[in-house]
Amino acid sequence: MGGKITEVLQDTGGDPVDAVTAQRKLLTQNPTFEVGPSSLEIQGVIKDYDPSHLVDFMAGGTSQLDHQPYHYVFRTSASDSTLTAAMAYFAIQKGWKKAVMLFETTSDATDELNHTTSYFKGAGGTILASEQLALHQSSYRSEITKAFASGTPDVVFVKSDPQTGATLFANMKELGHLNVPLVSDDTGDTIEYAKAVGLPDASKYLYGIAGAPGQGEAWSHFVQDYQATWQSDKPVQLSQNTYDGVIIAALAMTEAKTEDGKVWVDHVLKVSNPPGTKCFYYSQCVALLNKGEKINYEGASGPQDFDKYHNTYGDWDVVQYSADASSTNVILHVGADAIAKISATGA
């Protein structure tokens, strides 16, 4: 509509309390929409958007937003819980239906344990045993013995730090149980964790989850613009997600023919979700809108198809280290559609 984007910036300092002050300063500028903050600060201000009729696009993985009720808040990055959905999906695809759970006792690990259990069972899996591991103990023989008391599982879902893992896997080998698939989260994508298992065994049994690299027309267009602006073809983490938020906001305003947030907030899903003609960058999408077509924006960070909680689902790769640690091999690509499907079974 001929409007120009003018940036007004405030620094939250990565703190939910400081985010409140930053938000108040921003609101005095009567913003059209907001991008940010991240998972670290969002809980400090998330209740402000609906009363202010201010549309917000945030990026961050916290599972606290998996069922967020706010009409004006949208998340353009995948939740951490979708990583556990990828873990469960991979096991089910491999035909591994009986699982043992070995997760450390940290809050993050407990959250992952709950989600993995829910998704795996929702997809038809059975949990034989579940043991939580206190960090950095001298032995986990007791927990392993209990976990395998019901028989040999098809798969072990595991989450620990490398130090705990080194003892855990050494004990599993001593007890004759380091001979089944081990599916971990993004920790399993690190060389430190592969070494904790032992590289020869890791190359046979350990699978980790890694964020799938950017690809497709929208990603290529974004990187081209990023290169022109920052002289780098390696975008800063989550910059593609915040970029998508700006594009979606502009398209929703264009589709709604207004900058009034109370109106165009209801057009966000109309431009980002199917059905509609897929489009991958702003000018391309606007051309379709000007022809009166229904569009489905596919972002630089992947399909920006929001669910009823205004969350999106990212793509993940299941990876495994080679025996000499020279590379990781992609065993399975788990797309956003598959993540959304298995997430629904465990909701």
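Which side chains does a polar contact of 2.4 Å join? Select E34 and Y49: their side chains make that contact. Keep in mind that this is a predicted model.

**Stop 1: E34**

Stay on E34. The residue belongs to strand β1, which covers residues 33-35. Is E34 buried or exposed? E34 is buried, and it has no salt bridge. Now select R24. This is the nearest side chain of opposite charge, and it lies 12 Å away. A salt bridge would need a side-chain nitrogen of Lys or Arg within 4 Å of a carboxyl oxygen.

Next, show the surroundings of E34. Leave out neighbours within four places in sequence. The residues in contact with E34 are then Q23, L26, Y49, L54, V55, D56 and F57. Y49 thus appears in this contact list as well as in the polar contact.

**Stop 2: the open sheet**

Switch to a cartoon view. Seven strands form an open sheet, and its pairing is mixed. Trace the order: β5-β4-β6-β7-β8-β12-β13. At the edges are β5 (126-133) and β13 (328-334), each pairing on one side only.

Select helix α4, residues 107-122. The helix packs on the sheet and touches β4 (98-104), β5 and β6. Compare directions: α4 makes about 170° with β4.

Move to β6 (residues 155-159) and β7 (residues 182-183). These strands run parallel and are joined by two bridges. Pick F157 and look across to β7, where its bridge partner is V183.

**Stop 3: strand β12**

Select residues 316-321, which make up β12. How many of the six residues of β12 are buried? Six of the six are, so the strand is largely enclosed by the rest of the structure. Colour the two faces separately. W316, V318 and Q320 lie on one side, with D317, V319 and Y321 on the other. Both faces are covered.

Now add the partners. Strand β8 (residues 206-211) pairs with β12 in the antiparallel sense over four bridges. β13 also pairs with β12 in the antiparallel sense, over six bridges.

Centre on V319. Towards β8, V319 is the bridge partner of G208. Towards β13, the bridge partner of V319 is V330.

**Last stop: the hairpin**

Follow the chain from β12 into β13. Their hairpin has six residues between the strands. Which residue there takes a positive phi? Select A325: its phi is near 65°.

Note on methods: Residues are numbered from 1 along each chain as its sequence is written. This is a predicted model: local features need pLDDT of at least 70, side-chain atom pairs count only at pLDDT 80 or more; totals for chains, interfaces and linings use all residues. Side-chain values use heavy atoms; hydrogens and water are left out. Buried means under 20% relative accessible area, exposed over 50%, partly exposed in between (1.4 Å probe, protein chains only). Lys and Arg count as positive and Asp and Glu as negative; His and the chain ends are not counted. A polar contact is a pair of N or O atoms within 3.5 Å; within protein, one must be able to donate a hydrogen and the other to accept it, and residues adjacent in sequence count only if both atoms are side-chain atoms. Contact means heavy atoms within 4.5 Å. Two strands pair if DSSP finds at least two bridges between them. Axes are lines fitted to C-alpha atoms, for helices over the stretch in contact, and angles run from 0 to 180 degrees between N-to-C directions.
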